Amino acid sequence: MQRKVSSVNRRQFLLGSGGLAVASVSASSFPVVAKPVSKSSLMPSPKGNRVVIVGGGWGGITAAKYVKKDNPNAEVILIEKNHMFISCPMSNHFLFGLLDYESLCYPYNTLRVKHDVKVINDRVLDIDLRSKKVVLPEGFIEWDYLILSLGIEYDIDDKPFYKDSLEFFPPGFTPGSEHLYLKRFIEEFEGKDIVLTVPKMPYRCPPAPYERAAMLLSYIRSEGLKAHLYFIDANPNPPVLKDGFLEAYKDFYKSEADYLTSTQVKDIDVAKKVVKTDKGDIKFDFASIIPPMRAPKLLERIGLLKRGQKWVKVNPLTFESEVKNVFVIGDSASTYLPKSGYAAHSEAKVVAKIVAGRIANRKIKGRIIQHGICYAMVNLKAAMMLEIEFIYDANLKKVKPVKREDNTWKVSTAKRYYEWAKGVWRDMFN
Amino acid sequence: MDRRNFLKLCSSMAVASMLDTGVIGRALASQGGDFKKYEKALLVKEDGTPLKVEDIKPHTTYIFFYPFVSTPAFLLNLDKEVGPVDLELSDGSKYKWPGGVGPKKSLVAYSAICSHQLSYPTKDYSFIDYYSPENPSKTTKRSGVIQCCAHLSIFDPSQGGKVLDGPAEFPISTVVLSYEEGKLYAVGTLGVEVYQDFFDVYKRDLRKQYGSSRKAKKKSKECKVIEVSKYAKESIKC
């Protein structure tokens with residue numbers, strides 16, 4: 001039988017109480033489907049300083065490193081199913097030959113060797129919020145603090161046609177084989193009509209589909225292909241860097257592309273290669289179908305995501321969920337910042353400070369910055385830039401938002417773009 | 001330390017800097033700050049002669065390598081007297097920045113390695129640079145600042161490299177200068193150093209440029225000062 005969740009009023013939820021402590025309900029009052037965890041413990045019981053992080057992407061790796069850096073007494077465990085990190089940001093560069101695949105791949109060994117983080121490469125089967133256990137195939141691990149950085153899943157259960165399209169026309173929004181497969185399609189392409197679809201916001205990395213469309217068109221030109229792109233967007237406009245992208249589609253690539261806005265994908269016939277939309281059917285030779293996205297279903301199973309919700313509700317300043325000392329960062333959470341690897345990285349630094357501070361029983365003073373900066377290519381040489389920042393003054397308890405867009409196309413911005421990525425990777429893997 | 005004592009310390013340091021760099025180090029270290037003494041290195045022009053104050057054009061970014069032969073630093077003439085400042089780090093620790101040196105106390109020097117994610121000026125590109133009052137940043141509209149274009153961290157060179165905006169969590173470290181009988185020397189650093197991280201992440205690049213990491217870690221004994229616009233093929237401003 002499920003128990004009722006204590007209510008958290010909006011004021012408490014937004015501002016927390018005293019410093020950054022959010023009014024959270026305790027794990028014992030959280031509705032977890034009762035199921036005994038029969039496996040044995042993989043580690044001794046925690047001593048108040050154990051931080052378990054699930055998910056070794058941009059958020060999880062950063063959280064692991066910075067909890068340890070901010071409080072060397074913390075015992076930090078990172079659980080990630082893959083043995084190698086592969087970056088999703090910069091994958092469009094890989095698709096169009098601007099970066100090697102190896103540039104996107106990093107091992108987890110620096111975290112182990114330099115930062116004394118225990119990295120466990122295994123699947124998480126379950127998480128029991130009541131008994132504070134993460135369940136792996138061989139047993140469970142208990143936590144004092146839990147940070148979940150699980151990224152996204154494609155939201156395709158109620159639209160089965162997306163399942164077929166995933167196999168035939170990969171979206172390339174989760175790292176790894178999708179990108180390798182998609183790149184092969186692009187390199188081998190000899191047909192005429194290409195379809196690229198964008199789901200309604202929110203989804204992972206808002207400028208990425210628009211960047212991919214622009215890079216694809218530039219690639220078509222540079223390769224001398226006689227191709228035409230049907231760019232099907234469920235949104236009325238590019239949600240970020242609108243002016244720069246519209247200039248690309250409406251002026252620069254006018255003869256090579258149709259940009260169809262506010263257009264919903266209704267069905268996909270993968271055998272006949274037809275996308276059916278609310279504005280008509282489009283036949284294609286090759287497609288990259290980007291389905292809608294949601295937080296992983298594991299979060300629903302364990303009770304952090306309510307039925308019908310797609311993203312986990314957290315305190316947008318602390319990223320703490322409704323369960324005390326359980327934090328959700330990155331794409332899975334509904335936060336101030338847009339969903340992106342860099343946002344997850346920035347949120348992880350905030351959470352690391354909070355968790356490290358709680359272990360040491362110290363409050364956070366001064367400013368806490370949630371920073372989002374991203375770039376987007378408009379062709380194979382030039383890029384644009386977007387910055388979003390939320391500065392929280394812990395003393396004044398005020399949030400100051402900053403937004404800057406530079407929609408001009410610059411080759412120098414493309415160089416900054418690569419340096420941007422290298423900088424974050426330097427931070428994550430050093 | 002109260003203002004009276006603080007001013008007393010600074011004025012004694014200004015006098016001391018005319019005489020003995022060891023005195024500067026002792027004065028800074030006695031405050032419990034993060035002053036770290038390195039080799040005393042003379043700043044010279046490209047032709048090897050000692051750099052004079054009048055050679056340093058106001059609001060122009062110069063680069064030299066200190067405290068190691070591979071670690072870049074900026075030299076700036078802010079064209080105004082810049083006084084001492086108290087700096088506080090996010091962990092609550094504090095240190096005192098002694099202000100500018102030279103006849104007008106307008107000369108300052110900082111590590112040119114961004115304290116956020118270690119971008120630094122290479123011979124190909126400089127993503128981090130100083131923005132003069134005449135040429136403010138087009139993105140942030142700020143001038144008189146050191147700004148890194150990779151992630152838009154902004155530092156104030158007139159206030160000890162304090163973070164003004166962006167994701168950097170602590171100031172860029174100061175290269176402590178000493179002005180003695182018309183000559184300028186670098187004598188140490190103040191603030192949070194990132195040199196070990198720099199050596200770790202750029203190992204391959206440093207090996208290529210200096211032959212080995214060990215050679216890249218040699219201490220500077222004399223520092224050639226060059227305009228960044230002459231050092232880097234492209235200064236990327238934003």
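User: Which exposed residues does the face of H8(A) turned away from its buried side carry?

Analyst: Keep in mind that this is a predicted model. Helix H8 of chain A spans residues 242–252, and its buried residues are A:Gly244, A:Phe245, A:Ala248 and A:Tyr249. Those cover an arc of only 125° around the axis, so they sit on the same side of H8(A). Turn to the face pointing away from that side and you find the exposed pair, A:Lys250 and A:Asp251.

User: OK, and which strands are included in what covers the buried residues of H8(A)?

Analyst: One helix is part of the cover, namely H7 (208–223) of chain A. The strands included, also of chain A, are E12 (228–233), E13 (257–260), E23 (383–393) and E24 (398–410).

User: Which strands stand at the edges of the open sheet with E12 and E13 of chain A in it?

Analyst: The sheet has four strands with parallel pairing, in the order E13-E12-E11-E17 (chain A). An edge strand has a single partner, so one side of it is left without a neighbour in the sheet. That description fits E13(A) and E17(A).

User: In E13(A), which residue is the bridge partner of A:Phe231?

Analyst: E12(A) and E13(A) pair in the parallel sense over four bridges. On the E13(A) side, the partner of A:Phe231 is A:Tyr259.

User: H7(A) packs on that sheet, so what angle does its direction make with that of E11(A)?

Analyst: H7(A) touches E11, E12, E13 and E17 of chain A. Relative to the direction of E11(A), that of H7(A) makes about 165°.

User: Now E23(A): how many of its residues are buried?

Analyst: It has pairing on record with two strands: eleven bridges join E22(A) to E23(A), and ten join E23(A) to E24(A). Both pairings run antiparallel. E23(A) is mostly covered, and of its eleven residues the buried ones number nine.

User: In E24(A), which residue is the bridge partner of A:Ala383?

Analyst: On the E22(A) side, A:Met377 stands opposite A:Ala383. E23(A) and E24(A) form a hairpin with four residues between them, and A:Lys397 in the turn has a positive phi of about 55°. Across that hairpin, the E24(A) partner of A:Ala383 is A:Lys410.

User: Last one: which element gives the largest share of the side of chain A that touches chain B?

Analyst: The contact takes 19 residues from chain A and 19 from chain B. On the chain A side, the elements giving two or more residues are E22 (367–377), E24 and H11 (411–428). That side divides into four nonpolar, six polar and nine charged residues. The largest share, nine residues, comes from H11(A).

How values were computed:
Residues are numbered from 1 along each chain as its sequence is written. Chains are lettered from A and ligands numbered from 1 in the order in which they are written. This is a predicted model: local features need pLDDT of at least 70, side-chain atom pairs count only at pLDDT 80 or more; totals for chains, interfaces and linings use all residues. A residue is buried if 20 or more other C-beta atoms lie within 10 Å of its own, exposed if 12 or fewer, and partly exposed in between; C-beta atoms are placed from the backbone. The arc is that of the directions from the helix axis to the C-beta atoms. Two residues are in contact if their C-beta atoms, placed from the backbone, lie within 7 Å. Ala, Val, Leu, Ile, Met, Phe, Trp, Tyr, Cys and Pro count as nonpolar, Asp, Glu, Lys and Arg as charged, and the others, Gly among them, as polar. Two strands pair if DSSP finds at least two bridges between them. Axes are lines fitted to C-alpha atoms, for helices over the stretch in contact, and angles run from 0 to 180 degrees between N-to-C directions.
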